[in-house]
Amino acid sequence: MPTGIVGEFLELKAETDADVLAMQCGDFYEFFADDAELVAEELDLTVSQKSSHGSSYPMAGVPLTELTPYVKALVERGYRVAVADQYETDDGHAREITRVVTPGTLLETADDDARYLAAVVREEDEADGPYGLALADVTTGRFLVTEGGDESDLRAELYRFDPAEVLPGPRVRNDDRLLGAVREDLSGSVSVFDAEAFAPGRAKHAIREQFGRETADSVGIDSDLALRAAGAVLGYVEETGAGVLASMTRLTAYGDGDHVDVDATTQRNLELTETMRGEGEGSLFETVDHTVTAAGGRLLREWLTRPRRDRARLDRRLDAVEALAGAALARDRLRETLGEAYDLERLAARATSGSAGARELLSVRDTLALVPAMADAVEGTALVESPVAEVLEELDRERARALHGELADALADDPPKAKTQGGLLREGYDGELDELIASHEEAREWLDTLAEREKRRHGLSHVTVDRNKTDGYYIQIGKSVADQVPEHYREIKTLKNSKRFVTDELDEREREVLRLEEARGELEYELFEELRERVADDAELLQDVGRVVAEVDALASLATHAAGNDWTRPELTDERRLDVEAGRHPVVERTTDFVPNDLRLDGERGFLIVTGPNMSGKSTYMRQAALIQLLAQAGSFVPARAAEVGLVDGIYTRVGALDELAQGRSTFMVEMQELSNILHSATEDSLVILDEVGRGTATYDGISIAWAATEYLHNEVRARTLFATHYHELTALADHLPRVANVHVAVDERDGEVTFLRTVRDGPTNRSYGVHVADLAGVPTPVVSRADEVLDRLREEKAIEAKGSRGRDASGAGGGDPAGADGDGTRQVVFDLSSGSFAGDDGAGSVETDAAGGEGSRNGTGPESAGSGGPPESVGGTESGEQPETTEADRLDPEARAVIGELSDVDVAETAPVELLARVQEWQERLGEGR
Ligand code: ADP
């Protein structure tokens, strides 16, 4: 073990679990050994060698005042950085670690986004039991806790808040699978923290200490899980020494019932805050964001990612948006005022952590100065009667004025950045300081004018008075006249062309100036710290004002977008319906000449099967439905002529395997996990969007799964559902399941040209676009004709057995065959593939499913129902290997036909190369399977 400075460094390093240590050595922070090499590599620092007792160690350093940006850069790359400061002791100095800067406790952030530190706790022995989650944004003092049902809820929450750092509790940290999933979902890092901090007793104590006994008891979280998570976060913030505990003034608990369940996949699919490609631009948030403050932007983002379920609150938000949308002038004035506001929540955290300088306090002052203007902005306008006025009334004008007054009296108008340079405070703020400053200035004045006086008094030329570190103040006389100096001059140094002298009086004045300088600096710093603490004590006020600014800003932003884009106020209802007249996609409408479409989902038709050729607009139509639902429950206007929106408890989506394959994240397994999650989570009050199901597997498997999922959603879950599928067979379900209806996106076809009309009409598509597009794409005529032949043949041969649904819906359903009825009155509709053909079809043909985006019976009415050969034993599971006897029609196996169909259907010009590659790979795999 090396001794000396490197030894000390290594000892300190052994004390901490941080990745890197920066140790103060005089005016520098130094990194040694491995750490030096790491920072040199990451941050382009120069490495030198430090020799210590015969060995030599790499060393890199940064000046004391420049540490922050280096630490920030390291932390943003995922390192935890310990900082050891030097302090005086009786026999010299020593060093200790004062802070560990981690991704979740980094105060100096470059952007406006919230920066969360999260802790997750799980019950010890339950595999997928409930969890507790705490989230703290150390940059604003925001603190949230919740508890939830299962892993998918947990992942949805984590995805939504995207914490910079996650502290897994004792049980979670050993769950490699869950941790792996969290790591995959998040950009942040995972840090292991003392298991003790998660213990219930200690956590409760920490919460009481922080938020007061009453808060802890009254927030309405009684599960130990959430409290334990909260306790761990508090412990971690304290231990890392971020110094922001005081800015965490309020504990906000939210429960399962407050928000719409929008799982991580759905947040991604709907491109709420970033596109599938990972860009902000083109997301819903970027499209509707017109906020003028950072806090407003954060809040709006939260509204969009956490839509609400309670109508009263949403109606109030909508009232406010409506009022603001209709009062353009008042809105503009309000936004102008808000635009001058600084980020008070962040400033409050900086004041409490001690890192706020005079300029930050000036920002506080200037923002508080806006309070009266904000409150008055609604006077005499239409907003007076709106909830906007109520929000503004929450401003504590008295307290704001008091704090503003104090800051205005105290702070100099143009203070320097550094806290130690003086000049922070205004004259007249403190009598003692003013006196010290006056004496100091006077003493300096004496020194400044000394040279002139000495010239005159002693008839000297070439006289200057200056000061440096070694000599202090001195009188410098040019060599030529140096022998003319008076007797009381004492020579202290000879230079090439001059000599330096001091006098008793100069020594005395020098001591005086230095004393005053120090006293002045100390007093000013002390007064400034008092002022900063005064502001820190009012952190809650700043957070309140900050919250009002954010809320008004977010509301005004929604209003601005609504007014500028002809959006309409949705009518919220508790009925189970979504009725949209001339709806548009909020993002696509910005860049396209958009064709509006109607949508109706209600008790009579709750399940729409959406068909149409590729690129016709199916996805857009379905996403637009989900986004209208989501916007309405965020309290926003919606892109439509009129919309009646029944509140949902969850929005679930899954999109085609191909889209995701292109991103390199999908396998058939992932697709099925997502489907499984939807089938488990969705309820009668949910909205479900399925954009292709079962595409990632062999055709028979795929159609079986899609079929069964449709039945289950319709019969059991009864969620409002939109389902786009290329399995045209599914359109037949409309004849058998009462609440299933078909819609299709219309195209016009003339002289071999297909024009996309983008209009959604009732009924299934009535054409085989697959073969048709193959033709258009120049697939050789013999192949196209042959495909047509095969298709016709298959149509003649196939039959679908669909046998009704749950009793209460069964009115027009299912050909009256009760064969599948089970005990509780639920009759299963079965698509039997066990024989390689549809149930009861003893004909030779195997089943064709046209994978090319839209096939069915040309007459558009679906299947010819055939008699059942009794209840089929199983659904699915038949691989194409188990084909019935080969007939002419089957010379190509169905999978190969499906692949050809899809191949000819691809629009090469419209498909991204990576997606093409993914598709080719998929085709190859499927062809491989078929053989
Ligand atoms: P599909 O899901 O049927 O393959 P998409 O929904 O992806 O089709 O739409 C294909 C293209 O058509 C998209 O680029 C989209 O911008 C455009 N589009 C879709 N719906 C409309 C519409 N109603 N009006 C105008 N353009 C539309």
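Here's a short back-and-forth on a predicted model, covering its ligand site and two of its sheets.

Me: What makes the Thr-620 side chain a polar contact of the ligand?
Reply: A polar atom in that side chain lies 2.6 Å from a ligand oxygen. The cut-off for a pair of N or O atoms is 3.5 Å, so this pair counts.

Me: How do you know that Arg-758 makes a polar contact as well?
Reply: An N or O atom in the Arg-758 side chain is 3.1 Å from an oxygen atom of the ligand. That is within 3.5 Å, so it qualifies. Gly-617 uses its backbone instead: an N or O atom there lies 3.0 Å from a ligand oxygen. The protein covers 79% of the 560 Å² of accessible area that the ligand has on its own.

Me: Which residues come nearest to the ligand, and which helix gives the most to the shell?
Reply: Val-595, Met-615, Lys-618, Ser-619 and Thr-620 come nearest, out of 15 residues around the ligand. Helix 24, residues 618–633, gives the most, with 3 residues.

Me: Why are 7 residues of the shell called polar?
Reply: The shell divides into 5 nonpolar, 7 polar and 3 charged residues. Polar here is whatever is left once the nonpolar types and Asp, Glu, Lys and Arg are taken out, so Gly counts as polar too.

Me: Why are strand 18 and strand 22 called a pair?
Reply: They run parallel and are joined by 3 bridges. Pairing needs at least two, so they pass. Within strand 22, Val-645 stands opposite Leu-572.

Me: What makes strand 18 an edge strand?
Reply: Strand 18 (571–573) pairs on one side only, and so does strand 20 (597–601). The open sheet they belong to has 4 strands in the order 18-22-19-20, with mixed pairing. Its twist averages 15° from one strand to the next.

Me: How do you know that strand 15 pairs with strand 17?
Reply: There are 4 bridges between strand 15 (residues 472–478) and strand 17 (residues 498–502), which run antiparallel. At least two are needed, so the pair stands. One bridge partner to look up is Arg-500, for Gln-476.

Me: What order do the strands take in that open sheet, and which are its edges?
Reply: The order is 14-15-17-16, with antiparallel pairing. Strand 14 (463–468) and strand 16 (490–494) are the edges, each pairing on one side only. The average twist from one strand to the next is 35°. Helix 20 (residues 450–458) lies across strand 14 and strand 15, at about 145° to strand 14.

Technical notes: Residues numbered from 1 in each chain as written. Predicted model: local features only at pLDDT ≥ 70, side-chain atom pairs only at ≥ 80, totals over all residues. Heavy atoms only, no water. Axes fitted to C-alpha atoms, helices over the stretch in contact; angles between N-to-C directions. Near = heavy atom within 4 Å. Polar contact = N/O pair within 3.5 Å; in protein donor to acceptor, adjacent residues only side chain to side chain. Areas by Shrake-Rupley, 256 points an atom, 1.4 Å probe, with all protein chains shown as cover. Contact = heavy atoms within 4.5 Å.
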